[in-house]
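Open the model in your viewer and get ready to click from one residue to the next. At each stop you will find something to select and something to look for.

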Amino acid sequence: MDLDASIASWEHALARESGRSAATVQQYVGDAWRFATWFTSHAPGSTLADLTPGDVRDYRDALLVAGRAPTTINRALISLGLLCDQAGRRDDNPVRQVDAVDEVEQAPQALTRLEWNAVRRAAEQRAARDHSLSLALVCLMRYAGPRVGEVAALQLADVVLSARRGTLVIRRGKGVKRREVPLIVEAREPLGDYLNERRRTAERWAQRSSARDQRAPTWAGWPDGHLFLGQRGPLTERGIRLIVAQLGQAAKLDQPLSPHQLRHTFATALLDPAAYGLDRAPATLPAVQALLGHSDIATTAGYTRASPADLARMLGEPSEPG
C-alpha cells in the first residue's frame with residue numbers, strides 16, 4: 001500500500017476508535033502527512049514497508065534542524081509509531097528503535113528586579129483605595145514565598161510582628177507541614193499598614209452585626225479571624241490570583257503575573273542575590289528548601305537552573321538597572 005493510502009486508512013481507523021478527541025486525531029494525522037511530504041523527497045517511491053530506523057532518525061534530525069520544539073518532535077514520533085503499527089509493522093516498528101528528543105525543562109519563571117519593582121509600584125498606587133491589601137499581599141508572597149493556598153488560609157495569629165522582626169507561621173502547608181518564615185522589613189511594613197486597617201474592618205463588622213442583632217462572623221474577628229479579607233469575606237485563592245494578575249497588568253508585564261511567580265522570585269533572590277542587587281552570599285539549598293516547605297530538595301534544586309538572562313549576566317553582560 002502506498003504512503004498516502006496508508007495514512008488515509010489509518011485516519012479512518014483513528015476516527016472509529018473511542019477515547020481520542022477529534023483534535024488529537026487531527027494532530028496525529030497532520031504529523032503523518034508532514035512526514036509523508038518529507039519521505040517522498042527523501043526516499044522516492046518508498047512505502048512504510050521500506051521505512052528503516054535510519055530514515056526515522058534522519059526525519060527526527062531534520063525536524064531539529066528546522067527548529068521544531070522537542071515536544072513537537074516527540075509527538076511526531078508517537079504519531080509515526082502508531083501509523084506503522086496500523087500498517088502492519090507492529091513487531092518490527094522502526095520508530096520504536098529511535099530515541100526521542102530530550103526535553104530540557106525550562107527554568108522557573110521569576111520576576112526580574114525591574115519587573116518586581118514595577119509590580120510593587122502598581123500595588124503602592126492602589127494602597128489608598130484598598131487600604132494596603134494588595135501591597136501587603138504581594139510583598140508577603142515575594143519576601144516570604146508562601147503558596148497561594150497557604151496565603152488564603154492564613155489567620156491573624158499566623159503573622160507575628162514587632163518593630164524589628166516578624167514571623168510568618170504556615171500551620172497547614174503542603175503535606176500538612178508546619179513551618180515558620182522570618183519576615184524582613186520589606187514584608188513587615190506593608191503588613192503593618194494593612195493590619196491597622198484590618199483591625200478597623202473587624203470593628204465595622206462588629207457594629208454592623210450588632211445593628212442587625214446578629215453575631216459578627218468569626219472570620220472577621222480581631223485578634224482572631226482570617227488575615228486577608230475581601231469585600232464579602234476571606235480572600236479565596238481565586239481572589240488572590242485576580243489581584244496579582246491585575247497588578248501584573250498595571251505593571252505592564254509581558255506575561256500574565258501569577259502568585260507562583262512571586263514565590264519563584266522569593267526563591268531565586270535567595271539563591272542568586274546579585275541578580276536583585278543584593279550584596280550577600282547565596283542561601284544554601286537546604287535553607288531555601290526549609291523556607292519553601294519542599295519535602296524533596298530536588299524540587300528546590302529546580303530554582304537553580306539558569307535562564308538565558310542569567311547566563312548572559314554570568315558571561316559579563318551588564319545587568320539591569322535597579
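Select Leu77 to begin; this residue sits in helix α4. The model you are looking at is predicted, so treat each stop as a view of that prediction.

Is Leu77 buried or exposed? Its relative accessibility is 9%, and because buried means under 20%, Leu77 counts as buried. Now show what surrounds the side chain. Beyond the neighbours within four places in sequence, Leu77 is in contact with Val56, Arg60, Val95, Asp99 and Ala100.

**Next stop: Arg60**

One of those contacts makes a good second selection. Arg60 belongs to helix α3, which covers residues 53-65. Arg60 has a relative accessible area of 14% and is buried. Again setting aside neighbours within four places in sequence, you can look for Ile73, Leu77, Val98, Asp99 and Val101 in contact with Arg60. Asp99 is worth highlighting here, as it is listed among the contacts of Arg60 and also among those of Leu77.

**The end of helix α4**

Go back to α4 and follow the helix to Gln86; α4 runs over residues 70-86. How much of Gln86 is accessible? The relative accessible area is 38%, so Gln86 is partly exposed. Not counting residues up to four places away in sequence, Gln86 touches Ser9, Trp10 and Ala13.

Try your distance tool from this spot. Pick the C-alpha atoms of Gln86 and Ser210: the two residues are 124 apart in sequence, and 74 Å separates them in space. Then try Leu77 and Val138, which are 61 residues apart along the chain, with 43 Å between their C-alpha atoms.

**Helix α6 and its two ends**

Val138 brings you to another helix. Select residues 133-144 to light up α6, which has 12 residues. From the first C-alpha to the last, α6 reaches 16 Å, close to the 16 Å expected at 1.5 Å a residue. How many of its residues are buried? The count is 12 of 12, and the helix is mostly covered. Among these buried residues are Leu133, Cys139, Arg142 and Tyr143.

Now check what lies on either side. Before the helix, select Ser132, in the loop between α5 and α6. Ser132 is not a glycine, yet its phi is positive, about 70°. With 11% relative accessibility, Ser132 counts as buried. Just after α6, click on Gly145, which takes a positive phi of about 75°.

**The loop between α8 and α9**

Move on to Asp213, which is placed in the loop between α8 and α9. Asp213 is a residue other than glycine with a positive phi, near 60°. Is Asp213 buried or exposed? Its relative accessible area is 72%, so Asp213 is exposed.

Stay in the loop between α8 and α9 and select Pro223, which is found there too. Show the backbone atoms and look at the peptide bond from Trp222 to Pro223: this bond is cis, with omega near 5°.

**Helix α9**

Select residues 237-250 for helix α9. Its 14 residues should span 20 Å at 1.5 Å a residue, and the end C-alpha atoms are 20 Å apart, which agrees. Colour Gly239, Ile240, Ile243, Val244, Leu247 and Gly248, the buried residues of α9. Here is a helpful rule for reading that pattern: an α-helix has 3.6 residues a turn, so residues three or four places apart point the same way. Which helices do the buried residues of α9 pack against? They pack against α5, α6, α7 and α10. After α9, look for Lys252, whose phi is positive, near 60°.

**Zoom out**

Finish by showing the whole chain as a cartoon. You should find 13 helices and 3 strands. Rotate the view: along its principal axes, the C-alpha trace spans about 85 × 55 × 35 Å. The radius of gyration is 28 Å, whereas a compact globule of 322 residues would have one near 20 Å. Buried residues make up 43% of the 322 residues.

Last, colour by charge. The chain has 41 positive and 37 negative side chains, and the centres of the two sets lie 11 Å apart.

Notes:
Residues are numbered from 1 along each chain as its sequence is written. This is a predicted model: local features need pLDDT of at least 70, side-chain atom pairs count only at pLDDT 80 or more; totals for chains, interfaces and linings use all residues. Side-chain values use heavy atoms; hydrogens and water are left out. Helices (H or I, at least four residues) and strands (E, at least two) are DSSP runs, numbered from the N terminus. The radius of gyration is taken over C-alpha atoms; the globule rule is 2.2 Å times the number of residues to the power 0.38. Buried means under 20% relative accessible area, exposed over 50%, partly exposed in between (1.4 Å probe, protein chains only). Lys and Arg count as positive and Asp and Glu as negative; His and the chain ends are not counted. The place of a charge is taken as NZ of Lys, CZ of Arg, CG of Asp or CD of Glu. Contact means heavy atoms within 4.5 Å. The expected span of a helix is 1.5 Å times one less than its number of residues.
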